[in-house]
Amino acid sequence: QGQLVESGGGSVQAGGSLRLSCAASGYTFFSRTCMGWFRQAPGKEREGVATIVSDGTTSYADSVKGRFTISKDNAKKTLYLQMNSLKPEDTALYYCAAKVWCGGGYDYWGQGTQVTVSS
């Protein structure tokens, strides 16, 4: 059974950068695993931030396009989210997630890492 552990969150000022990591274990075919980053701010619904599929194709929420980059290191079995030009509205608990089958929903979730951006 797969496990996901996020790290890299913290507090930064607006305009700063952070890189989130999501270490995966128990994934035999990590290179083929479709994964994503999500976030949830207090009082708001969870929203998708970025996804990456098995062929490396990525997609982003409009609110983060041009500022965030999702990537995978298959050798390290780690998913990343590089976040630049951070804004206060990016403040949220960030989660990584993985799918057992790319055509289905997300089956595994990490515990989340907090990102706080001050103005």
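The following legends describe an overall view and several close-up views of a predicted model.

**Figure 1. Overall architecture of the protein, built from eleven strands and zero helices.** Read from the N terminus, the order of elements is β-β-β-β-β-β-β-β-β-β-β. The radius of gyration is 13 Å, close to the 14 Å that the globule rule gives for 119 residues, so the protein is as compact as a globular protein of that length. Along the principal axes, the C-alpha atoms occupy a box of roughly 40 × 25 × 25 Å. Buried residues make up 39% of the 119 residues. Of the contacts between residues at least 6 apart in sequence, 55% join residues at least 24 apart.

**Figure 2. Surface and charge of the protein.** The exposed area is about 6,300 Å², and carbon and sulfur atoms supply 47% of this area. The protein carries 12 positive and 9 negative charges, and the mean positions of these two sets are 5 Å apart.

**Figure 3. Close-up of Tyr-94, a residue of strand 9.** Tyr-94 has a relative accessibility of 0% and therefore counts as buried, the cut-off being under 20%. Its side chain makes a polar contact with the side chain of Arg-39 at 2.9 Å. A polar atom of the Tyr-94 side chain also lies 2.6 Å from the backbone oxygen of Asp-90. Beyond the neighbours within four places in sequence, Tyr-94 is in contact with Glu-6, Leu-20, Phe-38, Arg-39, Val-49, Phe-68, Leu-81, Met-83, Gly-112, Thr-113 and Val-115. For scale, the C-alpha atoms of Tyr-94 and Thr-33 are separated by 19 Å, with their positions 61 residues apart along the chain.

**Figure 4. Close-up of Arg-67, in the loop between strand 6 (58-60) and strand 7 (68-73).** Although Arg-67 is located in a loop, this residue is buried, with a relative accessible area of 11%. The Arg-67 side chain reaches the backbone oxygen of Ser-63 at 2.8 Å. When residues up to four places away in sequence are set aside, Arg-67 touches Gln-82, Met-83, Asn-84, Ser-85, Leu-86, Lys-87 and Asp-90. Among these partners, Ser-85 and Lys-87 are shown in the next view.

**Figure 5. Close-up of Ser-85 and Lys-87 in the loop between strand 8 and strand 9.** Ser-85 is partly exposed, with a relative accessible area of 40%. Phi of Ser-85 is near 50°, a positive value in a residue other than glycine. Lys-87 likewise counts as partly exposed, at 34% relative accessibility. Apart from residues up to four places away in sequence, Lys-87 touches Arg-67 and Val-117. The C-alpha atoms of Lys-87 and Gln-1 are separated by 36 Å, the two residues being 86 residues apart along the chain.

**Figure 6. Close-up of Ser-21 in strand 3 (residues 18-25).** Ser-21 counts as buried, with a relative accessibility of 17%. With neighbours within four places in sequence left aside, Ser-21 is in contact with Val-5, Glu-6, Ser-7, Trp-37, Thr-78, Leu-79 and Tyr-80. Glu-6, one of these partners, is also in contact with Tyr-94.

**Figure 7. Close-up of Lys-77 in the loop between strand 7 and strand 8 (78-83).** The backbone of Lys-77 has a phi near 50°, which is a positive value in a residue other than glycine. Lys-77 is partly exposed, its relative accessible area being 30%.

**Figure 8. Close-up of Thr-57, in the loop between strand 5 (47-52) and strand 6.** Thr-57 has a relative accessibility of 44% and counts as partly exposed. A polar contact of 2.8 Å joins the side chain of Thr-57 to the side chain of Asp-55. Outside the neighbours within four places in sequence, Thr-57 is in contact with Thr-51 and Ile-52. Thr-57 and Ser-71 are 14 residues apart in sequence, and their C-alpha atoms are 9.6 Å apart in space.

Definitions and conventions:
Residues are numbered from 1 along each chain as its sequence is written. This is a predicted model: local features need pLDDT of at least 70, side-chain atom pairs count only at pLDDT 80 or more; totals for chains, interfaces and linings use all residues. Side-chain values use heavy atoms; hydrogens and water are left out. Helices (H or I, at least four residues) and strands (E, at least two) are DSSP runs, numbered from the N terminus. Buried means under 20% relative accessible area, exposed over 50%, partly exposed in between (1.4 Å probe, protein chains only). A polar contact is a pair of N or O atoms within 3.5 Å; within protein, one must be able to donate a hydrogen and the other to accept it, and residues adjacent in sequence count only if both atoms are side-chain atoms. Contact means heavy atoms within 4.5 Å. The radius of gyration is taken over C-alpha atoms; the globule rule is 2.2 Å times the number of residues to the power 0.38. Accessible areas come from the Shrake-Rupley method with a 1.4 Å probe; for residues, only the protein chains shown count as cover. Lys and Arg count as positive and Asp and Glu as negative; His and the chain ends are not counted. The place of a charge is taken as NZ of Lys, CZ of Arg, CG of Asp or CD of Glu.
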